[in-house]
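Hi,

Here is the structure I promised to pass on to you. Have a look at it first, and then read on for what turned up when I went through it.

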Amino acid sequence: MKIGFAVPALGDVAPAVGRVAEFAREAERAGAASLWVGDRNFAAVNPKVGAGGRGNTIPVEYWTAADPFVALAVAAAATERVRLGTHVLIAPLYPPVQLARSLTTLDLVSGGRLIPGFGVGWSPEEYEAAGLDFHQRGARLDELLDVLDLLWTENPVEYHGKHLELPLQHAPLKPAQQPHPPIHLGGSAPASLERIGRRASGWLPLAMVPVFVNVDLLLAERAAIDTAARAAGRDPAEIDTVLRVNVVAGTPTTQVVDTIHTVADRTGIDHFLIDSMSLPTVDATLDLVTEVMKLVNQG
C-alpha cells in the first residue's frame with residue numbers, strides 16, 4: 001500500500017510554506033510514497049457556487065493557498081524517492097505553454113517523479129478572473145490535454161483549436177518521463193469519468209473521513225471509467241487510482257487508517273493521499289504523518 005501526504009501549502013499552514021522542505025524530508029524518512037499539492041487561485045467572498053460545486057459557501061481552508069508549483073519544486077529538491085503530484089491543478093485556468101513549461105521543469109528537477117493531476121474546478125469566479133468561460137472548462141481541458149501531448153512529444157509544435165491556439169514554435173524542452181508524465185484526472189461527472197477512461201493515466205477520486213466515504217460510489221464510478229477505457233481500445237488495468245482522503249478535524253488517526261484499509265480491501269485501490277488541511281500547524285501535520293505511517297506499517 002502506498003501512502004502520500006499533502007505538503008503544507010493550503011489552509012492555515014499555507015503561511016508556513018517555508019517549511020515544505022523540512023516536511024518533505026520528514027515525510028519521506030517516515031516512509032511516505034508520495035507528496036502532493038492542491039490548487040486554489042482565490043476564494044470569492046460571495047461565491048456563486050460553493051466548494052465542490054455544492055451550496056454557496058467556501059470553507060476557510062480554501063481561503064489561503066501558496067503557489068503549488070513553487071511548493072512542489074521545493075519538495076522535489078528536498079527528496080530523492082517520493083513521487084510528487086498535484087491533486088489537483090485547475091488546469092484550464094493556465095496558459096498551456098506556461099503550464100507545460102512548469103510541469104516539464106518539475107519533472108526534470110525531480111528526476112522523473114511528477115504525477116500531474118488535473119481538474120476543471122467548481123468556481124465561476126476563478127474563471128471570470130482569468131477571462132475564461134466557466135461553462136467551457138471541460139472542452140478547454142480536452143484541448144489542453146491535446147496541446148500538452150504535442151508539447152511533450154513533438155518539436156516544433158503548433159495547435160489550432162476552438163479554445164486554444166499555438167503558433168508554430170520550437171519545443172525542445174521535454175520531461176524526464178517518456179513519452180510524458182502520467183496525467184491523472186479528477187472528477188465524478190459522467191463526462192469526466194468518460195474522459196478519464198478515454199485518455200488519462202490515472203483517476204483522482206475523493207473521500208472525507210468520517211463524513212463521506214462511499215465505497216459503492218467509488219466502485220460504480222470506476223466501472224464507468226473501465227467501460228469508457230474499453231470503448232477506447234484501452235486496458236482499464238493501466239489506469240491508476242489515487243484516492244484523496246480529506247481528514248475532518250478531530251478524527252482519530254486510527255479511524256483514518258481503518259478507513260483506508262476498508263476501502264483498499266473492497267476496491268483494490270492501493271494509493272492514498274492523506275490531506276489534513278484542517279490541522280492548524282505544520283508540527284501537527286508531521287505528527288499525523290508519523291502516526292499514519294506507524295499504523296499502516298503495523299498492518
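The accessible surface of the chain comes to about 13100 Å², and carbon and sulfur atoms account for 53% of that area. Please keep in mind that this is a predicted model, so every value below was computed from predicted coordinates.

As for the overall build, the chain has 9 helices and 14 strands. Its radius of gyration is 18 Å, close to the 19 Å that the globule rule gives for 299 residues, so the chain is as compact as a globular protein of that length. Along the principal axes, the C-alpha trace spans about 55 × 40 × 40 Å. Of the 299 residues, 52% are buried. If you take the contacts between residues at least 6 apart in sequence, 72% of them join residues at least 24 apart. On the charge side, there are 24 positive and 34 negative charges, and their mean positions are 1 Å apart.

Helix α2 is a good place to begin with the details. It runs over residues 68-78, and its buried residues are Pro-68, Phe-69, Ala-71, Leu-72, Ala-75, Ala-76 and Ala-78. In an α-helix there are 3.6 residues a turn, so residues three or four places apart point the same way. What covers the buried residues of α2 includes the helices α1 (20-30) and α3 (96-109), together with the strands β2 (34-37), β3 (83-86), β4 (89-90) and β5 (114-115). The N-terminal end of α2 is capped by Asp-67, which has a side-chain oxygen 2.9 Å from the backbone nitrogen of Phe-69.

Ala-75 shows how this helix is packed. This α2 residue has a relative accessibility of 0%, so it counts as buried. Not counting residues up to four places away in sequence, Ala-75 touches Val-20, Ala-24, Leu-35 and Leu-84. Its C-alpha atom is separated by 5.4 Å from that of Ala-21, which is 54 residues away along the chain.

Glu-80, in the loop between α2 and β3, is another matter: its relative accessible area is 72%, so it is exposed. Beyond the residues up to four places away in sequence, Glu-80 touches Glu-28 and Arg-113. Glu-80 and Gly-111 are 31 residues apart in sequence, with 8.6 Å between their C-alpha atoms.

Arg-113 comes up again at Gln-177, where it is one of the contacts outside the neighbours within four places in sequence; the others are Arg-83, Asp-107, Gly-112, Leu-114 and Pro-182. Gln-177 sits in the loop between β8 (165-169) and β9 (184-186). Is this loop residue buried or exposed? With 15% relative accessibility, Gln-177 counts as buried. Its side chain makes a polar contact of 2.6 Å with the side chain of Asp-107, and it also reaches the backbone oxygen of Gly-112 at 3.5 Å.

A charged residue that is buried may interest you too. Arg-195 lies in helix α6 (residues 190-199), and its relative accessibility of 8% makes it count as buried. A polar atom of the Arg-195 side chain lies 3.2 Å from the backbone oxygen of Gly-138. Apart from residues up to four places away in sequence, Arg-195 touches Gly-138, Leu-141, Asp-142, Leu-145, Leu-185 and Ala-200.

At the start of the chain, Met-1 lies in the segment before β1 (2-6) and is partly exposed, with a relative accessible area of 47%. Where does Met-1 make contact, once its neighbours within four places in sequence are left aside? Its contacts are Ile-260, His-261, Ala-264, Asp-270 and Phe-272. Met-1 and His-271 are 270 residues apart in sequence, yet their C-alpha atoms are 6.1 Å apart in space.

Finally, two peptide bonds to look at if you set the model up for calculations. One cis peptide bond joins His-87 and Val-88, with omega at about -5°; Val-88 is in the loop between β3 and β4. Another cis bond joins Asn-155 and Pro-156, with omega at about 0°, and Pro-156 is found in the loop between α5 (137-153) and β7 (157-160).

Happy to hear what you make of it.

Best wishes

Note on methods
Residues are numbered from 1 along each chain as its sequence is written. This is a predicted model: local features need pLDDT of at least 70, side-chain atom pairs count only at pLDDT 80 or more; totals for chains, interfaces and linings use all residues. Side-chain values use heavy atoms; hydrogens and water are left out. Helices (H or I, at least four residues) and strands (E, at least two) are DSSP runs, numbered from the N terminus. The radius of gyration is taken over C-alpha atoms; the globule rule is 2.2 Å times the number of residues to the power 0.38. Buried means under 20% relative accessible area, exposed over 50%, partly exposed in between (1.4 Å probe, protein chains only). Contact means heavy atoms within 4.5 Å. Accessible areas come from the Shrake-Rupley method with a 1.4 Å probe; for residues, only the protein chains shown count as cover. Lys and Arg count as positive and Asp and Glu as negative; His and the chain ends are not counted. The place of a charge is taken as NZ of Lys, CZ of Arg, CG of Asp or CD of Glu. A polar contact is a pair of N or O atoms within 3.5 Å; within protein, one must be able to donate a hydrogen and the other to accept it, and residues adjacent in sequence count only if both atoms are side-chain atoms.
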